[in-house]
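Colleague: I'd love a close look at one charged pair here, and then at the parts around it and further along the chain. Please take me through it step by step.

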Amino acid sequence: MPLIRSVVAMLMLLVLAEPIHAQTVSSRGMGTATYGMRLTPAVRAEALAKAQVNALEAYVAESSAAKVRIFDQRRSEFTQQVDRYVLSSVVLSEDDNRKAKTFTISVRSEVNATLLQVALDGGSAVATSSSGQRSLLTFLFMARMQDTAQSFDDKNYKRADARQVTRVDNTYNERTSEGESFGGSSISTSGTKRTIGGSSEDSSSMITTGGSTTRRSDVIEWKVANASEVNSVMTGAFSAAGYEVVEAEYVEAESGGQLSIEKIRSDFSTGDDLSAATLRSTANGIRTAGIPYIAIGTLDVGMRDVDPVSGNVRVYVTVTGKVLDVTGRFPRTVSSVGPVQYAGLGPDQSVARTNALRLAAAAAARQMVDELNVKNIR
C-alpha cells in the first residue's frame, strides 16, 4: 500500500506540475570550407559547423545591442561549444564548386535560446558575485490603458490683401487769335479759336490671399494600474539574472514618505514621464531606503484587433523604461528600453492583453538586464 500511495502521489505531481520547456528559435546560417583533391566527409563537417556558428551569430544579431556585445566578448567560448546551443539543423542547400575547390552549405538551425541566455548571464559581474556583494534593485512598471482622449478641431486662419492703383493723365491746349480791318467807313473783325485736348486713365488691382491651419495634439488620459503579471515577469527576469529584487511597496514604507507610488501613477496617467518634482522625490526616497537602482517605465495597452493569420484577438503593448542609478548626487540612466511594441494573441481580449503584457515585460527586463551586464553592474 505505501508503494501504491507513493506511485499515485508521483503521478499527481506530474499531472499538476506546470511543464517547463526550453525556448527554441529558428535561425539560418551558411558555412563554406575549402578542400584539396576531393570533397571529403571531414570537409562537409567543417562547413556544417561553420553554418551552425553562423546561425547562432545570426540569432544573437537580431537581439539587443547589449546581448551582441556580451556575445562578442566571449565569442570563442560559444563557438567552440556550438553543439550545446544548436539543437538540430536541417540542410537547405549544398554547393560544391569544384573549380574553386569550395563546399558551401546552408542550414536552418534550432537554437536553444534559454540555455544561451543562461550562459550569457553566467559570466556577468552580478552572477559571479556573492549574495552580499549584489546591489538591491526595485522597479515600478505601470500598465496603462487609454481612459479618455480629447481631440481638437483644426483652427483655420484666412487673409486677403487687396491693392488698387489708378493713374489719370489729362492734356488740354487752347489757342485763340483775333484781327480787325478798316475799309472806308466800315470796320470788320475776325477771330479764330483752336482747342486741342486729350485724356487717358490707367487702372490696376492686385489681390493676395493666404492663411494657415493649426492642429493641436490629442490630450490623452490613461488608466494606470499595477499589473500582477508584469510584476511577476520582471521579478523573475531580474532574479534569474542574479539581481536582488525588492518590491516597490516595501521600499515605499522605508523611503521617509518621499517615494509615492500613487504620485507616480498620477504622473503616468497624464504623461509619458515623471515630473521633475516626482523624479527628484523618487530618487531621494530610493536613496533613503538604501537601494541604489530603480527600474521605472510604462506598458501601454493598445486597442484590440484581429490577427489576420490565426483569427485570434490581438492586442499590442508598447513598452518604455529605464534603470536609474541613484547612488550619486544626480540620478544616472544606466539602461533604457523602448518604445518597442509587442503583440499578444488569445481567444479573447483579456487573454491577449495578458499575453502581450507578459511578452513586453519579459523583453523589456531582458534588454535592461543585458545592458546592466555589459556595464558590469551588480
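**A charged pair and its surroundings**

Modeller: Happy to! Glu 46 and Lys 50 make a salt bridge, with their closest N and O atoms 3.4 Å apart. Please keep in mind that this is a predicted model. Side chains of opposite charge can pair when their charged atoms come close. Both partners belong to helix H2, where they sit four residues apart, or about one turn of the helix. As for how covered they are, Glu 46 has a relative accessibility of 36% and counts as partly exposed, and Lys 50, at 39%, is partly exposed too.

Now to what H2 packs against. Three strands make up an open sheet, ordered E1-E3-E2, with antiparallel pairing. Strand E1 (24-34) and strand E2 (86-97) are at the edges with a single partner strand each, so one side of each has no neighbour in the sheet. On average, and ignoring direction, neighbouring strands here are turned by 20 degrees against each other. Helix H2, spanning residues 41-61, packs on this sheet and touches E1, E2 and E3, and its direction makes about 140 degrees with that of E1.

The pairing of E1 with strand E3 (residues 102-112) is antiparallel and runs over eleven bridges. To pick out one position, Thr 32 has Thr 104 in E3 as its bridge partner. A second helix, H6 (residues 113-122), also packs on the sheet, where H6 touches E1 and E3 and its direction makes about 85 degrees with that of E3.

The loop between E2 and E3 deserves a glance, since you will find Lys 101 there. Most residues other than glycine have a negative phi, and most peptide bonds are trans. Lys 101, however, has a positive phi, near 60 degrees, although Lys 101 is not a glycine. With 31% relative accessibility, Lys 101 counts as partly exposed.

Back to the charges. The structure holds twelve salt bridges, and a few further along the chain make a good contrast with the pair in H2. Arg 314 forms one with Asp 307, the closest N and O atoms lying 3.5 Å apart. Here Arg 314 is buried, at 16% relative accessible area, and Asp 307 is buried as well, at 11%. The pair belongs to a network of salt bridges that links Asp 305, Asp 307 and Arg 314. Another salt bridge joins Asp 325 to Arg 332, with 2.6 Å between the closest N and O atoms. In this case the two partners fall into separate classes: Asp 325 is buried at 4% relative accessibility, whereas Arg 332 is partly exposed at 47%.

These residues lead us to another set of strands. Strand E10 (residues 313-325) is mostly covered, with ten of its 13 residues buried. On one side of the pairing, strand E9 (residues 293-306) is joined to E10 by twelve bridges in the antiparallel sense, and Gly 297 stands opposite Gly 321 in E10. E9 and E10 make a hairpin with six residues between them, and Gly 311 in that turn has a positive phi of about 80 degrees. E10 also runs antiparallel to strand E11 (residues 332-346), again with twelve bridges between them. There, Leu 324 stands opposite Thr 333 in E11, and E10 and E11 form a hairpin with six residues between them.

Last comes helix H11, residues 349-374. Its 26 residues reach 37 Å from first C-alpha to last, close to the 38 Å expected at 1.5 Å a residue. Asp 348 caps the N-terminal end, with a side-chain oxygen 3.2 Å from the backbone nitrogen of Ser 350. After the helix comes Asn 376, with a positive phi near 60 degrees. Within H11 you can pick out Ala 365, which is buried with a relative accessible area of 0%. Leaving aside residues up to four places away in sequence, Ala 365 touches Met 234, Ala 237 and Phe 238. Ala 295 is 70 residues from Ala 365 in sequence, yet their C-alpha atoms are 9.1 Å apart in space.

Definitions and conventions: Residues numbered from 1 in each chain as written. Heavy atoms only, no water. Pairing = 2+ DSSP bridges. Helix = DSSP H or I, 4+ residues; strand = E, 2+ residues; numbered from the N terminus. Axes fitted to C-alpha atoms, helices over the stretch in contact; angles between N-to-C directions. Contact = heavy atoms within 4.5 Å. Salt bridge = Lys/Arg side-chain N within 4 Å of Asp/Glu carboxyl O. Buried < 20%, exposed > 50% of the residue type's maximum accessible area, 1.4 Å probe, protein only. Expected span 1.5 Å × (residues − 1). Polar contact = N/O pair within 3.5 Å; in protein donor to acceptor, adjacent residues only side chain to side chain.
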